[in-house]
Amino acid sequence: MIRFGNVSKTFKRARVLDAVTLDIAQGDRIALVGSNGAGKTTLIRCLLGEYTHDGVVAVDGLAPRDHRGEVLARVGFVPQIPPPLKMPVGELIGFAASVCKSDPARMVAVIEELGLEYDRIRKLPFVKLSGGMKQKTLIGVALGRDSDILIMDEPAANLDPEARHIFFRLLAARKESGVMLITSHRLDEVAALVNRVIEMDMGQLVLDDRVADSVDMASRMRCKITLVRPDDAFARTLGEWHFTGADREWSGLVNGPDRLRFMCMLSRYTGLIGGLELVEGKEGAPCAPVVV
Amino acid sequence: MSALLRAAWLDITESLRARWFGFYALVFGGIVVVLFVFGLTESRILGFTGLSRLLVTYIQLCVAILPIFILITTVRSVAGDREAGIFEYMLSLPVPLSAWYWGKMVGRFSVVFLPVFLAMAGAAAWSSFQEIGVPWDLFAVYTALLVALAWSFLGFGMLISALARSSDVAQTGAFLLWLVLLLFLDLILLGVMVRDRMPLELVVSLALVNPLQSFRTAAILLFDPQMVVLGPAAYVILDSLGAKGYLAFALAWPVCLGTLAAWTGYRVFRKGDLP
């Protein structure tokens, strides 16, 4: 579906992409990981037809640069840093929907599903929204149309747990129908969303591996934590995960795809944890214990 | 609505929200108000009085400040948007590059020309209301000259924005261009070249090529047909082209120059990295 053939990109004397060859098939959900300067954003910009380059980039045989209309109509893109647009959100949605030949109501529906009140933000300048609100709006634009190629740069970084859950569910709904390319500095952030991991370093692919994670992207886990003693820092962290409780007893919900990230967080407080219960279940269905 | 018109409308609405636009409109509207307040409609120069006198002064002020306003706001907007990451996102949408670029140009033309024109039109409307005669022929020619001047500097601005990789470089380039063209006005270097008896062909060529000079010469031509104030270069130009011929040249040349610069900018934009 997507082919990068010997793609190189040089800025002045710095070689940012070095003969990258990569084939992406329909159904691939790729975590593109690597440190800063590894070449992830440059690779994405080549795929979006924004950078000139050596080698070949083709989407179903079409070069994005030469066939912008056909290729980009299929691409939903969420950048890591939202653009500082002064236009109101409504105008952004209107412009995006018109050039994508989509119904703005679909984009609005996704935005509202992610927990934003569209009527409240419609007239606000996009640049004045909080980081999470901007992210939700851009996700709405990307998912609220017929895009079978999703390119997302740290898409869930600014989302609260509830919005992350809905976002994962929206991705789950379309995971077999196209291609997802999700970049992140940390694999644990996106591990559950993907079935393939590609690591970049110094402009080259250094790892291309399959991931077999059977987690249901729409699932949620009920979690109960008992502490050996109260701790303010841990309480604040649990608050960020929307957990409730006080002193030594805490409980809350963890999105299935977030469980690795949650475990990583818990590992920092291992000495404080006296008891831990995680029970998995589909949303709305009874939970079956899997980890105690 | 076509993608070009959408891109143009987007640029217009973004500009209307920007602080520079308020300042820009205030300056050009303010100039007209100040000229009225200082009674320029009642003073006389070279036999000109009433609104003609005001328009002549207004157009001479425009030649000095309009180009730098257009250049700086254009490069700040276009190169600045690219630097801020707006191009990265907006050009990930399936909008044709030609529609994006030329839409931006059309949008910017509207926002830089309209305040200047509306200030002039406001002066004409007020003069009609006050029963001061409105010289509509002069008004029409000055409007056309302003269109030509605005278009040429907009073209330069788009070219500089396409060539420069940062807004700082673009602003420096825009300022230098304005300075060079300003220096080669008859008031400054051209005058010195004539006084130092440089080849007249060179002086005349520079006077013709410089869109600021062609604008100034044409504006003066309307109320000083012998162009006494411009000196020998103007005589040669008038002898070669005649008054009407020169006026036609002064309207067509900046438009051609601006279109050529904008087209070159478009080629650079299309061939290079977009964000």
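**Exercise 1.** Which residue in β4(A) is the bridge partner of Gly5(A)? Place this pair in its sheet.

*Solution.* The model is predicted.
Step 1. Gly5(A) has Val56(A) in β4(A) as its bridge partner.
Step 2. Strand β1 of chain A covers residues 2-11, and five bridges join β1(A) to β4(A), with the two strands running antiparallel.
Step 3. The sheet is open and holds three strands of chain A in the order β2-β1-β4, with antiparallel pairing.
Step 4. β2 (14-24) and β4 (54-59) of chain A each have a single partner strand and stand at the edges, so one side of each lacks a neighbour in the sheet.
Step 5. On average, neighbouring strands of this sheet are turned by 20 degrees against each other, direction ignored.

**Exercise 2.** Describe the side of chain A that touches chain B, by residues, elements and class.

*Solution.*
Step 1. Chain A gives 24 residues to the contact, and chain B gives 24 residues.
Step 2. On the side of chain A, the elements that contribute two or more residues are α2 (68-72), β5 (75-78) and α3 (89-99).
Step 3. α3(A) supplies the largest share of this side, five residues.
Step 4. Sorted by class, the side of chain A that touches chain B has 16 nonpolar, three polar and five charged residues.

**Exercise 3.** Summarise the secondary structure and packing of chain B, then check the length of helix α2(B).

*Solution.*
Step 1. Chain B has 11 helices and zero strands, giving the pattern α-α-α-α-α-α-α-α-α-α-α along the sequence.
Step 2. Among the 275 residues of chain B, 43% count as buried.
Step 3. Of the contacts in chain B with a separation of 6 or more, 80% are between residues 24 or more positions apart.
Step 4. Helix α2 of chain B (residues 19-37) has 19 residues; at 1.5 Å a residue it should span 27 Å, and this agrees with the 26 Å between its end C-alpha atoms.
Step 5. Tyr24(B), Phe28(B), Val32(B) and Leu35(B) are the buried residues of α2(B).

**Exercise 4.** Compare the annotated "transmembrane region" spans of chain B with the model, using residues 139-163 and 245-266.

*Solution.*
Step 1. The unreviewed UniProt entry annotates residues 20-41, 53-72, 109-127, 139-163, 175-194, 214-238 and 245-266 of chain B as "transmembrane region".
Step 2. Residues 139-163 of chain B are 100% helix and 0% strand, with end C-alpha atoms 36 Å apart.
Step 3. Residues 245-266 of chain B are 100% helix and 0% strand, with end C-alpha atoms 31 Å apart.

Definitions and conventions: Residues are numbered from 1 along each chain as its sequence is written. Chains are lettered from A and ligands numbered from 1 in the order in which they are written. This is a predicted model: local features need pLDDT of at least 70, side-chain atom pairs count only at pLDDT 80 or more; totals for chains, interfaces and linings use all residues. Helices (H or I, at least four residues) and strands (E, at least two) are DSSP runs, numbered from the N terminus. The expected span of a helix is 1.5 Å times one less than its number of residues. A residue is buried if 20 or more other C-beta atoms lie within 10 Å of its own, exposed if 12 or fewer, and partly exposed in between; C-beta atoms are placed from the backbone. Two residues are in contact if their C-beta atoms, placed from the backbone, lie within 7 Å. Ala, Val, Leu, Ile, Met, Phe, Trp, Tyr, Cys and Pro count as nonpolar, Asp, Glu, Lys and Arg as charged, and the others, Gly among them, as polar. Two strands pair if DSSP finds at least two bridges between them. Axes are lines fitted to C-alpha atoms, for helices over the stretch in contact, and angles run from 0 to 180 degrees between N-to-C directions. UniProt positions are given in the numbering used here, feature names are shortened, and annotations may be inferred rather than shown by experiment.
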